[in-house]
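I opened the model to look up two things. The ligand surroundings come first, then the cysteines.

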Amino acid sequence: MPIYNAPTKDMQFLLHDVLKISESDIPGYDELDRDFTAAILGEAGKIAEQVLAPLNPVGDEEGCVLANGVVRTPKGFKEAYDQMRDGGWMGLDADPEYGGQGMPYLMGSATGEMFVSSNMAFNMYQGLTHGAYSTIRAHGTDQQKATFLPNMIEGKWSGTMNLTEPHCGTDLGLIRTKAEPQDDGSYKITGQKIWISAGEHDMADNIIHLVLAKIPGGPEGVKGISLFIVPKFLVNEDGTLGDRNGVSCGGLEKKMGIHGNATCVMNHDGATGYLLGEMHKGMRAMFTMMNEARLGVGLQGYAQGVVAYQNAVAFAQDRLQGRDVTGVKNPDGPADPIIVHPDVRRNLLMQKSFVEGARMFVFWGAEMIDRALRCEDADADAMISLLTPVIKGFLTDMGFETTVLAQQTLGGSGFTREWGLEQFVRDARITMIYEGTNGIQSLDLVGRKLGLNGGKTIMAFFEMVKGFIKDNEDHAELKSDFLDPLKAASKDLQTAGMYFMQNMKNPNAALSGSYDFMHLFGHVCLGLMWGHMAKASLAALEAGTADEEFHRTKLATGRFYMTRQLPATAVHLARIQSGDAPVMTLDAANF
Ligand SMILES: Cc1cc2nc3c(=O)[nH]c(=O)nc-3n(C[C@H](O)[C@H](O)[C@H](O)COP(=O)(O)OP(=O)(O)OC[C@H]3O[C@@H](n4cnc5c(N)ncnc54)[C@H](O)[C@@H]3O)c2cc1C
């Protein structure tokens, strides 16, 4: 059975020593003192370790079963769902006006990491509900909000997003699902959606589908798409559940991973739907859900890396093979634990330095979201918008790679089922695909986000990095080990940005390098995060901390990232500067 240990200590370090959240001016942060966050993280960690993690292999083995139109989730899921609901975890960061606890998004991210590491397939039911909740809250009428939000926040009703159709996933302008206006102001929705996560299940009393469809006679392509609320059970005026709506699960996908999550074909047969937001502006409204989901998927990527790494370390401390080349370390045993070998350590440090950097990146991004929402700060909103494709694309690519590295640490035991590593690899793989493939994230980054606010947002990012370096370069150790490498990497990013500006007339040049740009950007962000963490650890050591080992470990892990991982920016830059010729020369027939 795989292990999972909630990383509450590292989270507390990030929240209080690095981000210093209780000193922040963001409304609500003043309540987040050390004891308070320790209590929340402690409780969430207990559920993750004791309830969700043991169910992870069960969900993988059993999967979901469809019988007579009803999807049965794996054994134990319903009880765990009830426990999450009773504990108020589903509405942790939701609006108190509708029954939520009103905690900052940051705390939702911290607890979310634990829930995803321990059981990603299970957590998706709740994750999709949260996205649907946010979309209705942002775009719904008062009546829609009053009808749907309290039940969704409580977890009595769950949510989905219905975008994909058999002939279109990326290019949603092609969707065929129709929405015909009715005299009472509602719509009849007809069409088939596929691969709908949490589309049907037995854990909630009602399922609220958010469905993209076209109203006949509207504009062609994406400009003619509207968004609709389609409940599984219609809701009576008094709030009780009414008739079954014309939406049903037509099949479950057999798939590589996340077996515990029902991936459904959803048939809409003249189902009653209610317009959400403005007519023909469905994509805009859906972007509320997609942006939130993209950040959530970025979190999924590294969170799978976290649990995979923990299991790799446990194995490496225990497995005896070969002897340390510099001298025997375990004289009483037949061999030394494999953690003595430089190549195993390299492998483990690639995992460790990524997951700790990624956690900081997601917390830092979550704080930015809180600033954008709670302070109505347009600059923070623009910055997180710029970073969203980086968080989604880079963290899921590297998160998946981390699970594979962890699998490698276990040798043959990583490939067989018992240790659980192969499940983490399979589960992590989807994060690179859904919510817009990572290729599409890179197009979004280069095609749309670079030019955001006339390029002011990316310039603000460079200024922020420059400012951090300048403000801290008096510290010799921080400068040589962290700030100098960060400066070089950031210069590579700026040079790549300039390359795109200078080659704007040739879109193939930008698009041939967009994926490398996304990774280059991701590395610079993680370099910046390690700079922040190193600063906090050096300060703690200089002040005489009681936890010297923690901070020395943090610094050594950060140095590994800065010296062994961050130089990848030069390779990405070289690829970008090679332009479109290496990519575009072959005729399609010659592939
Ligand atoms: C397990 C699972 C769960 C899912 N959950 C949901 C859900 O809850 N709701 C929902 O609506 N959908 C869901 N999806 C669908 C998912 O979001 C899509 O699979 C994804 O967006 C990609 O679309 P596609 O599969 O049609 O690939 P395609 O659009 O066919 O793309 C195929 C390949 O071509 C590339 N490509 C396409 N267009 C371009 C372009 N213009 N430029 C460069 N490259 C391009 C893509 O990057 C990709 O590599 C789920 C899918 C899976 C497998």
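I sorted the shell around the ligand by class: nine nonpolar, eight polar and one charged residues. For this I counted Ala, Val, Leu, Ile, Met, Phe, Trp, Tyr, Cys and Pro as nonpolar, Asp, Glu, Lys and Arg as charged, and the others, Gly among them, as polar. The model is predicted, so I used local features only at pLDDT of at least 70 and side-chain atom pairs only at pLDDT 80 or more, while totals for chains, interfaces and linings use all residues. Residues are numbered from 1 along each chain as its sequence is written, and side-chain values use heavy atoms, without hydrogens and water.

I counted a residue as near the ligand if one of its heavy atoms lies within 4 Å. There are 18 residues around the ligand, and M161, T164, T170, W195 and T437 come nearest.

Next I checked elements, taken as DSSP runs (helices H or I, at least four residues; strands E, at least two). Strand 3 (157-162), strand 5 (187-197) and helix 12 (438-449) each supply at least two shell residues. Strand 5 gives the most, three.

I then listed polar contacts (N or O atoms within 3.5 Å). The side chain of T437 has an N or O atom 2.6 Å from a ligand oxygen. For T164, a side-chain N or O atom is 2.7 Å from a ligand nitrogen.

Last, I looked for disulfides (cysteine sulfur pairs within 2.5 Å). I found zero. Why does C264 not bond? Its closest cysteine sulfur, in C249, is 3.8 Å away, too far for a bond.

Technical notes: Polar contact = N/O pair within 3.5 Å; in protein donor to acceptor, adjacent residues only side chain to side chain.
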